[in-house]
Amino acid sequence: MIPEMLEIVAVTAGLGLLVALTGLGAMRLLRERSIGVMLAVVAVVSVVATVGGVVAITLKMIIAGGSRDIVLSVVAVGGLVGLGVATVLARRVVAASRKLVDAVHAVPPTGEFTPPRGLPAELDTIARTLDEAYERLRLGHERERALESARRELVAWVSHDLRTPLAGMRAMAEALEDGVVSDPETVGRYHTQIRLEVDRLAGMVGDLFELSRIHAGALRLSRSRIGLGDLVADALAGAEPLARAKGVRLAAHAERVVPVEADAGELSRALRNLVDNAIRHTPHDGTVWVRASVEEGTACLSVADCCGGIPAEDLPRVFDVAFRGEAARTPVADGAGAGLGLAIARGIVEAHEGTIDVVNAGPGCRFEIRLPLRHPVA
(Lines give C-alpha, C1' and ligand atoms only; values in the text may rest on other atoms or scores of the structure.)
Protein backbone atom coordinates (compact mmCIF):
# COMPACT_ATOMS: atom_id res chain seq x y z
CA MET A 1 0.00 0.00 0.00
CA ILE A 2 2.78 2.40 0.92
CA PRO A 3 4.63 1.91 -2.40
CA GLU A 4 1.39 2.61 -4.26
CA MET A 5 0.82 5.80 -2.23
CA LEU A 6 4.36 6.97 -2.92
CA GLU A 7 3.87 6.27 -6.60
CA ILE A 8 0.61 8.24 -6.63
CA VAL A 9 2.25 11.18 -4.82
CA ALA A 10 5.17 11.14 -7.26
CA VAL A 11 2.88 11.01 -10.29
CA THR A 12 0.62 13.75 -8.88
CA ALA A 13 3.58 15.98 -8.02
CA GLY A 14 5.08 15.44 -11.44
CA LEU A 15 1.83 16.30 -13.18
CA GLY A 16 1.38 19.36 -10.93
CA LEU A 17 4.91 20.56 -11.69
CA LEU A 18 4.40 20.04 -15.41
CA VAL A 19 1.09 21.93 -15.33
CA ALA A 20 2.63 24.73 -13.23
CA LEU A 21 5.54 25.16 -15.63
CA THR A 22 3.13 25.21 -18.55
CA GLY A 23 1.00 27.83 -16.77
CA LEU A 24 4.06 29.99 -16.01
CA GLY A 25 5.12 29.77 -19.64
CA ALA A 26 1.63 30.78 -20.76
CA MET A 27 1.61 33.73 -18.34
CA ARG A 28 5.03 34.83 -19.61
CA LEU A 29 3.74 34.78 -23.17
CA LEU A 30 0.61 36.68 -22.08
CA ARG A 31 2.43 39.12 -19.75
CA GLU A 32 1.33 42.12 -21.81
CA ARG A 33 -2.30 41.01 -21.99
CA SER A 34 -5.16 41.81 -19.63
CA ILE A 35 -5.02 40.88 -15.94
CA GLY A 36 -8.27 38.98 -16.54
CA VAL A 37 -6.52 36.62 -18.95
CA MET A 38 -3.80 35.93 -16.38
CA LEU A 39 -6.36 35.21 -13.67
CA ALA A 40 -8.11 32.81 -16.05
CA VAL A 41 -4.78 31.04 -16.62
CA VAL A 42 -4.33 30.70 -12.85
CA ALA A 43 -7.80 29.17 -12.49
CA VAL A 44 -7.24 26.75 -15.39
CA VAL A 45 -3.87 25.65 -13.96
CA SER A 46 -5.50 24.90 -10.59
CA VAL A 47 -8.30 22.88 -12.19
CA VAL A 48 -5.99 20.93 -14.51
CA ALA A 49 -3.59 20.11 -11.66
CA THR A 50 -6.48 18.83 -9.53
CA VAL A 51 -8.00 16.78 -12.37
CA GLY A 52 -4.58 15.33 -13.14
CA GLY A 53 -4.25 14.13 -9.56
CA VAL A 54 -7.71 12.55 -9.61
CA VAL A 55 -6.95 10.82 -12.90
CA ALA A 56 -3.73 9.42 -11.42
CA ILE A 57 -5.68 8.02 -8.48
CA THR A 58 -8.30 6.56 -10.82
CA LEU A 59 -5.71 4.86 -12.97
CA LYS A 60 -4.36 3.10 -9.88
CA MET A 61 -7.84 1.69 -9.22
CA ILE A 62 -7.99 3.31 -5.78
CA ILE A 63 -11.23 4.95 -6.80
CA ALA A 64 -13.52 3.09 -9.18
CA GLY A 65 -17.13 2.85 -10.27
CA GLY A 66 -19.66 5.32 -8.89
CA SER A 67 -17.17 6.82 -6.44
CA ARG A 68 -14.86 7.74 -9.29
CA ASP A 69 -17.70 9.45 -11.16
CA ILE A 70 -18.68 11.38 -8.04
CA VAL A 71 -15.12 12.58 -7.46
CA LEU A 72 -14.70 13.61 -11.08
CA SER A 73 -18.05 15.44 -10.98
CA VAL A 74 -17.08 17.29 -7.77
CA VAL A 75 -13.73 18.26 -9.24
CA ALA A 76 -15.37 19.47 -12.46
CA VAL A 77 -17.94 21.54 -10.56
CA GLY A 78 -15.22 22.98 -8.31
CA GLY A 79 -13.14 23.85 -11.35
CA LEU A 80 -16.07 25.60 -13.02
CA VAL A 81 -16.84 27.52 -9.81
CA GLY A 82 -13.20 28.60 -9.49
CA LEU A 83 -13.07 29.63 -13.11
CA GLY A 84 -16.29 31.61 -12.71
CA VAL A 85 -15.02 33.43 -9.61
CA ALA A 86 -11.71 34.17 -11.35
CA THR A 87 -13.63 35.57 -14.33
CA VAL A 88 -15.76 37.84 -12.11
CA LEU A 89 -12.67 39.02 -10.24
CA ALA A 90 -10.84 39.63 -13.50
CA ARG A 91 -13.73 41.71 -14.82
CA ARG A 92 -13.72 43.82 -11.66
CA VAL A 93 -9.97 44.37 -11.84
CA VAL A 94 -10.16 45.27 -15.53
CA ALA A 95 -13.06 47.66 -14.89
CA ALA A 96 -11.14 49.33 -12.05
CA SER A 97 -8.02 49.70 -14.19
CA ARG A 98 -10.08 51.20 -17.01
CA LYS A 99 -11.64 53.62 -14.51
CA LEU A 100 -8.14 54.70 -13.47
CA VAL A 101 -7.05 55.11 -17.10
CA ASP A 102 -10.17 57.19 -17.85
CA ALA A 103 -9.40 59.41 -14.86
CA VAL A 104 -5.88 59.98 -16.19
CA HIS A 105 -7.21 60.80 -19.66
CA ALA A 106 -9.69 63.24 -18.12
CA VAL A 107 -6.97 65.35 -16.47
CA PRO A 108 -7.47 68.96 -17.64
CA PRO A 109 -4.58 71.18 -18.84
CA THR A 110 -4.44 72.68 -15.33
CA GLY A 111 -3.17 69.29 -14.09
CA GLU A 112 -5.90 68.67 -11.48
CA PHE A 113 -6.19 64.88 -11.15
CA THR A 114 -9.24 63.42 -9.37
CA PRO A 115 -8.56 59.86 -8.10
CA PRO A 116 -11.52 57.54 -8.79
CA ARG A 117 -13.24 55.88 -5.85
CA GLY A 118 -13.86 52.21 -5.17
CA LEU A 119 -10.55 50.91 -6.50
CA PRO A 120 -8.72 47.85 -5.13
CA ALA A 121 -6.00 48.67 -2.61
CA GLU A 122 -3.11 48.39 -5.07
CA LEU A 123 -4.81 50.48 -7.75
CA ASP A 124 -5.87 52.99 -5.11
CA THR A 125 -2.22 53.34 -4.09
CA ILE A 126 -1.31 53.97 -7.73
CA ALA A 127 -4.12 56.54 -7.99
CA ARG A 128 -2.91 58.42 -4.89
CA THR A 129 0.66 58.33 -6.20
CA LEU A 130 -0.55 59.75 -9.51
CA ASP A 131 -2.41 62.47 -7.61
CA GLU A 132 0.79 63.46 -5.80
CA ALA A 133 2.78 63.38 -9.04
CA TYR A 134 0.25 65.58 -10.85
CA GLU A 135 0.26 68.00 -7.92
CA ARG A 136 4.06 68.26 -8.09
CA LEU A 137 3.87 68.78 -11.85
CA ARG A 138 1.21 71.45 -11.45
CA LEU A 139 3.26 73.31 -8.83
CA GLY A 140 6.35 72.97 -11.03
CA HIS A 141 4.50 74.41 -14.03
CA GLU A 142 3.15 77.28 -11.92
CA ARG A 143 6.63 78.04 -10.64
CA GLU A 144 8.03 77.84 -14.17
CA ARG A 145 5.38 80.26 -15.43
CA ALA A 146 6.06 82.61 -12.52
CA LEU A 147 9.80 82.52 -13.18
CA GLU A 148 9.27 83.13 -16.88
CA SER A 149 7.01 86.09 -16.12
CA ALA A 150 9.58 87.39 -13.64
CA ARG A 151 12.32 87.06 -16.26
CA ARG A 152 10.31 89.04 -18.79
CA GLU A 153 9.56 91.75 -16.23
CA LEU A 154 13.20 91.79 -15.15
CA VAL A 155 14.42 92.27 -18.73
CA ALA A 156 11.91 95.08 -19.30
CA TRP A 157 12.60 96.86 -16.02
CA VAL A 158 16.38 96.45 -16.07
CA SER A 159 16.45 97.70 -19.66
CA HIS A 160 14.58 100.80 -18.50
CA ASP A 161 16.83 101.27 -15.49
CA LEU A 162 19.94 100.90 -17.63
CA ARG A 163 18.71 103.19 -20.38
CA THR A 164 18.23 106.22 -18.13
CA PRO A 165 21.72 106.39 -16.53
CA LEU A 166 23.40 105.41 -19.79
CA ALA A 167 21.63 108.26 -21.58
CA GLY A 168 22.72 110.68 -18.87
CA MET A 169 26.30 109.47 -18.95
CA ARG A 170 26.36 109.73 -22.74
CA ALA A 171 25.07 113.29 -22.62
CA MET A 172 27.66 114.32 -20.03
CA ALA A 173 30.47 112.57 -21.92
CA GLU A 174 29.46 114.30 -25.18
CA ALA A 175 29.29 117.65 -23.39
CA LEU A 176 32.81 117.13 -22.06
CA GLU A 177 34.08 115.87 -25.42
CA ASP A 178 32.59 118.78 -27.40
CA GLY A 179 33.78 121.39 -24.92
CA VAL A 180 30.23 122.51 -24.13
CA VAL A 181 31.24 122.69 -20.48
CA SER A 182 34.69 123.90 -19.63
CA ASP A 183 34.61 125.49 -16.19
CA PRO A 184 36.42 123.29 -13.65
CA GLU A 185 33.48 123.13 -11.25
CA THR A 186 31.03 121.77 -13.85
CA VAL A 187 33.63 119.42 -15.31
CA GLY A 188 34.36 118.03 -11.84
CA ARG A 189 30.65 117.65 -11.13
CA TYR A 190 30.16 115.76 -14.42
CA HIS A 191 33.07 113.45 -13.64
CA THR A 192 31.69 112.76 -10.17
CA GLN A 193 28.22 112.05 -11.55
CA ILE A 194 29.60 109.71 -14.22
CA ARG A 195 31.56 107.80 -11.57
CA LEU A 196 28.47 107.50 -9.36
CA GLU A 197 26.39 106.20 -12.26
CA VAL A 198 29.11 103.69 -13.17
CA ASP A 199 29.19 102.47 -9.57
CA ARG A 200 25.42 102.09 -9.55
CA LEU A 201 25.42 100.20 -12.84
CA ALA A 202 28.20 97.95 -11.54
CA GLY A 203 26.06 97.23 -8.49
CA MET A 204 23.11 96.34 -10.72
CA VAL A 205 25.26 93.99 -12.79
CA GLY A 206 26.56 92.39 -9.58
CA ASP A 207 22.98 91.87 -8.37
CA LEU A 208 22.00 90.32 -11.69
CA PHE A 209 24.96 87.95 -11.53
CA GLU A 210 24.10 86.95 -7.95
CA LEU A 211 20.46 86.37 -8.85
CA SER A 212 21.42 84.25 -11.86
CA ARG A 213 23.61 82.09 -9.60
CA ILE A 214 20.73 81.62 -7.19
CA HIS A 215 18.23 80.70 -9.91
CA ALA A 216 20.72 78.34 -11.55
CA GLY A 217 21.41 76.58 -8.24
CA ALA A 218 25.07 77.57 -8.51
CA LEU A 219 25.21 79.39 -5.18
CA ARG A 220 27.83 77.55 -3.12
CA LEU A 221 27.76 78.19 0.61
CA SER A 222 30.85 78.11 2.80
CA ARG A 223 29.25 77.38 6.16
CA SER A 224 30.82 78.15 9.49
CA ARG A 225 29.61 78.73 13.02
CA ILE A 226 28.73 82.43 13.35
CA GLY A 227 26.86 84.57 15.85
CA LEU A 228 23.86 86.55 14.65
CA GLY A 229 24.80 89.39 16.98
CA ASP A 230 28.05 89.92 15.06
CA LEU A 231 26.11 89.68 11.80
CA VAL A 232 23.72 92.43 12.95
CA ALA A 233 26.60 94.66 14.02
CA ASP A 234 28.34 94.28 10.65
CA ALA A 235 25.13 95.01 8.72
CA LEU A 236 24.42 98.18 10.73
CA ALA A 237 28.00 99.37 10.30
CA GLY A 238 27.74 98.95 6.51
CA ALA A 239 24.35 100.69 6.36
CA GLU A 240 25.33 103.63 8.57
CA PRO A 241 26.35 105.99 5.70
CA LEU A 242 23.03 105.46 3.88
CA ALA A 243 21.07 105.94 7.12
CA ARG A 244 22.96 109.14 7.92
CA ALA A 245 22.30 110.50 4.45
CA LYS A 246 18.58 109.73 4.79
CA GLY A 247 18.35 111.03 8.34
CA VAL A 248 17.22 107.62 9.64
CA ARG A 249 18.18 106.20 13.03
CA LEU A 250 19.40 102.61 13.39
CA ALA A 251 18.68 100.51 16.49
CA ALA A 252 19.66 96.91 17.24
CA HIS A 253 18.96 94.37 19.95
CA ALA A 254 20.36 90.85 20.32
CA GLU A 255 18.77 88.89 23.17
CA ARG A 256 21.73 86.53 23.51
CA VAL A 257 24.44 84.92 21.48
CA VAL A 258 22.68 82.96 18.73
CA PRO A 259 25.08 80.59 16.91
CA VAL A 260 24.10 79.24 13.50
CA GLU A 261 25.85 77.31 10.75
CA ALA A 262 25.80 79.69 7.79
CA ASP A 263 27.82 81.42 5.11
CA ALA A 264 28.73 84.68 6.85
CA GLY A 265 29.25 86.65 3.64
CA GLU A 266 26.03 85.56 1.90
CA LEU A 267 23.83 85.84 5.01
CA SER A 268 25.32 89.26 5.77
CA ARG A 269 24.38 90.33 2.23
CA ALA A 270 20.81 89.15 2.72
CA LEU A 271 20.48 91.05 6.01
CA ARG A 272 22.14 94.15 4.54
CA ASN A 273 19.66 94.10 1.65
CA LEU A 274 16.78 94.09 4.15
CA VAL A 275 18.32 96.92 6.18
CA ASP A 276 19.03 99.04 3.10
CA ASN A 277 15.47 98.46 1.87
CA ALA A 278 14.09 99.52 5.26
CA ILE A 279 16.22 102.68 5.32
CA ARG A 280 15.12 103.72 1.81
CA HIS A 281 11.45 103.40 2.70
CA THR A 282 11.64 104.98 6.15
CA PRO A 283 10.93 108.75 6.26
CA HIS A 284 13.37 111.30 7.64
CA ASP A 285 13.84 111.07 11.42
CA GLY A 286 12.37 107.54 11.44
CA THR A 287 13.94 104.47 13.02
CA VAL A 288 14.90 101.05 11.67
CA TRP A 289 15.05 98.26 14.28
CA VAL A 290 17.14 95.11 13.78
CA ARG A 291 16.75 92.23 16.22
CA ALA A 292 18.38 88.79 16.65
CA SER A 293 16.59 86.27 18.84
CA VAL A 294 15.55 82.65 19.28
CA GLU A 295 11.86 81.95 18.71
CA GLU A 296 10.19 78.53 18.68
CA GLY A 297 13.50 76.74 18.34
CA THR A 298 14.70 78.76 15.34
CA ALA A 299 17.12 81.66 15.00
CA CYS A 300 15.22 84.79 14.00
CA LEU A 301 16.52 87.98 12.39
CA SER A 302 13.96 90.76 12.04
CA VAL A 303 14.15 94.19 10.41
CA ALA A 304 11.33 96.65 11.18
CA ASP A 305 10.86 100.04 9.53
CA CYS A 306 8.50 103.03 9.51
CA CYS A 307 7.41 102.82 5.87
CA GLY A 308 3.70 103.09 6.72
CA GLY A 309 2.98 99.49 5.75
CA ILE A 310 2.67 97.58 2.49
CA PRO A 311 -0.70 97.21 0.71
CA ALA A 312 -2.19 93.77 1.34
CA GLU A 313 -2.30 92.99 -2.39
CA ASP A 314 1.44 93.68 -2.68
CA LEU A 315 2.59 91.55 0.28
CA PRO A 316 2.76 88.26 -1.73
CA ARG A 317 4.88 90.00 -4.42
CA VAL A 318 7.40 91.76 -2.22
CA PHE A 319 10.11 89.15 -2.87
CA ASP A 320 9.41 88.87 -6.60
CA VAL A 321 12.20 89.79 -8.99
CA ALA A 322 12.27 93.53 -9.82
CA PHE A 323 9.24 94.33 -7.65
CA ARG A 324 9.40 97.76 -6.02
CA GLY A 325 5.80 98.60 -5.29
CA GLU A 326 6.19 101.88 -7.20
CA ALA A 327 4.05 103.13 -10.03
CA ALA A 328 7.01 104.74 -11.74
CA ARG A 329 9.99 102.69 -12.82
CA THR A 330 12.39 105.64 -12.89
CA PRO A 331 15.48 104.93 -10.77
CA VAL A 332 15.57 106.89 -7.52
CA ALA A 333 18.38 109.16 -6.55
CA ASP A 334 19.88 106.92 -3.89
CA GLY A 335 20.60 104.18 -6.42
CA ALA A 336 18.09 101.61 -5.28
CA GLY A 337 18.99 99.41 -8.22
CA ALA A 338 16.64 97.23 -10.20
CA GLY A 339 14.60 95.95 -7.27
CA LEU A 340 16.63 92.75 -6.89
CA GLY A 341 17.68 93.10 -3.24
CA LEU A 342 14.71 91.32 -1.68
CA ALA A 343 14.72 88.58 -4.34
CA ILE A 344 18.41 87.97 -3.65
CA ALA A 345 17.76 87.91 0.10
CA ARG A 346 15.06 85.29 -0.34
CA GLY A 347 17.33 83.12 -2.52
CA ILE A 348 20.17 83.30 0.02
CA VAL A 349 17.90 82.48 2.97
CA GLU A 350 16.29 79.54 1.17
CA ALA A 351 19.77 78.25 0.26
CA HIS A 352 20.39 78.17 4.04
CA GLU A 353 17.22 76.04 4.45
CA GLY A 354 15.51 78.98 6.12
CA THR A 355 12.42 81.08 5.48
CA ILE A 356 11.85 84.79 4.92
CA ASP A 357 8.58 86.65 5.28
CA VAL A 358 7.12 90.12 5.69
CA VAL A 359 4.19 91.39 7.75
CA ASN A 360 2.72 94.80 8.46
CA ALA A 361 3.49 95.76 12.05
CA GLY A 362 3.31 99.03 13.96
CA PRO A 363 4.28 102.11 11.95
CA GLY A 364 5.61 100.05 9.04
CA CYS A 365 6.45 96.48 8.17
CA ARG A 366 8.70 93.79 9.59
CA PHE A 367 10.86 91.42 7.57
CA GLU A 368 11.75 88.18 9.32
CA ILE A 369 14.47 85.63 8.52
CA ARG A 370 14.21 82.29 10.30
CA LEU A 371 17.08 79.82 10.24
CA PRO A 372 17.39 76.33 11.74
CA LEU A 373 19.56 76.10 14.84
CA ARG A 374 22.34 73.56 14.26
CA HIS A 375 23.33 73.60 17.91
CA PRO A 376 21.06 73.97 20.94
CA VAL A 377 21.20 77.37 22.59
CA ALA A 378 21.68 77.20 26.36
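These exercises work through a helix, aromatic pairs, cysteines and salt bridges in a predicted model.

**Exercise 1. Helix H5**

Find the extent of helix H5, and say what covers its buried residues.

Solution.
- Step 1. Helix H5 runs over residues 184-215. That makes 32 residues.
- Step 2. From the first C-alpha to the last, H5 reaches 46 Å. This is close to the 46 Å expected at 1.5 Å a residue.
- Step 3. List the buried positions. They are Thr 186, Tyr 190, Ile 194, Glu 197, Arg 200, Leu 201, Met 204, Glu 210, Leu 211 and Ile 214.
- Step 4. Look at what lies over them. The cover includes helix H4 (121-178), helix H7 (264-281) and helix H8 (341-351).
- Step 5. Go past the end of the helix. Gly 217 follows H5, and its phi is positive, near 70°.

**Exercise 2. Aromatic pairs**

Classify each aromatic pair as stacked or edge-to-face, and place its partners in the chain.

Solution.
- Step 1. Count the pairs. The structure holds 2.
- Step 2. Take Phe 113 and Tyr 134. Their ring centres are 5.4 Å apart and their planes meet at 20°, so this pair is stacked. The cut-off for stacking is under 30 degrees.
- Step 3. Locate the two residues. Phe 113 sits in the loop between helix H3 (65-105) and H4, while Tyr 134 belongs to helix H4, so the pair ties together parts 21 residues apart in sequence. Both Phe 113 and Tyr 134 are buried.
- Step 4. Take Phe 319 and Phe 367. Here the ring centres are 5.9 Å apart and the planes stand at 90°, so the pair is edge-to-face. The cut-off for that class is over 60 degrees.
- Step 5. Locate these partners too. Phe 319 is in the loop between strand E5 (298-304) and H8, and Phe 367 is in strand E7 (residues 364-372), so parts 48 residues apart in sequence are tied together.
- Step 6. Check burial. Phe 319 has a relative accessible area of 6% and is buried. Phe 367 is buried as well, at 2%.

**Exercise 3. Cysteines**

Decide how many disulfides the structure holds, and find the nearest cysteine sulfur to Cys 306 and to Cys 365.

Solution.
- Step 1. The structure holds 0 disulfides.
- Step 2. Test Cys 306. Its nearest cysteine sulfur is that of Cys 307, 8.2 Å away, and Cys 306 is in no disulfide. With a relative accessible area of 17%, Cys 306 is buried.
- Step 3. Test Cys 365. The nearest cysteine sulfur again belongs to Cys 307, at 3.5 Å, and Cys 365 is in no disulfide. The cut-off is a sulfur pair within 2.5 Å.
- Step 4. Add the burial of Cys 365. Its relative accessibility is 1%, so it counts as buried.

**Exercise 4. Glu 295 and Arg 370**

Describe what joins Glu 295 to Arg 370.

Solution.
- Step 1. Place the residues. Glu 295 lies in strand E4 and Arg 370 in strand E7, so their pairing ties together parts 75 residues apart in sequence.
- Step 2. Check the backbone. The C-alpha atoms of Glu 295 and Arg 370 are separated by 8.7 Å.
- Step 3. List contacts. Leaving aside neighbours within four places in sequence, Glu 295 touches Cys 300 and Arg 370.
- Step 4. Turn to the side chains. Those of Glu 295 and Arg 370 meet in a salt bridge of 2.9 Å, N to O.
- Step 5. Compare with the burial classes. Glu 295 is partly exposed at 29% relative accessibility. Arg 370 is partly exposed at 23%.

**Exercise 5. Two more salt bridges**

Contrast the bridge within helix H4 with the bridge between H7 and H5.

Solution.
- Step 1. Start with the total. A search of the whole structure finds 15 salt bridges.
- Step 2. Examine Glu 174 and Arg 170. Their side chains form a salt bridge of 3.2 Å, N to O. The two are 4 residues apart in helix H4, which means a separation of about one helical turn.
- Step 3. Assign exposure. Glu 174 is partly exposed at 36%, and Arg 170 is exposed at 59%.
- Step 4. Examine Arg 269 and Glu 210. Their closest N and O atoms are 3.6 Å apart, in a salt bridge. Arg 269 in helix H7 and Glu 210 in helix H5 are 59 residues apart, and the pair links distant parts of the chain.
- Step 5. Assign exposure again. Arg 269 is partly exposed at 26%, whereas Glu 210 is buried at 4%.

Definitions and conventions
Residues are numbered from 1 along each chain as its sequence is written. This is a predicted model: local features need pLDDT of at least 70, side-chain atom pairs count only at pLDDT 80 or more; totals for chains, interfaces and linings use all residues. Side-chain values use heavy atoms; hydrogens and water are left out. The expected span of a helix is 1.5 Å times one less than its number of residues. Buried means under 20% relative accessible area, exposed over 50%, partly exposed in between (1.4 Å probe, protein chains only). Contact means heavy atoms within 4.5 Å. Rings of Phe, Tyr and Trp (its six-membered ring) pair if their centres lie within 6.5 Å; planes under 30 degrees apart count as stacked, over 60 as edge-to-face and the rest as tilted. A salt bridge is a side-chain nitrogen of Lys or Arg within 4 Å of a carboxyl oxygen of Asp or Glu.
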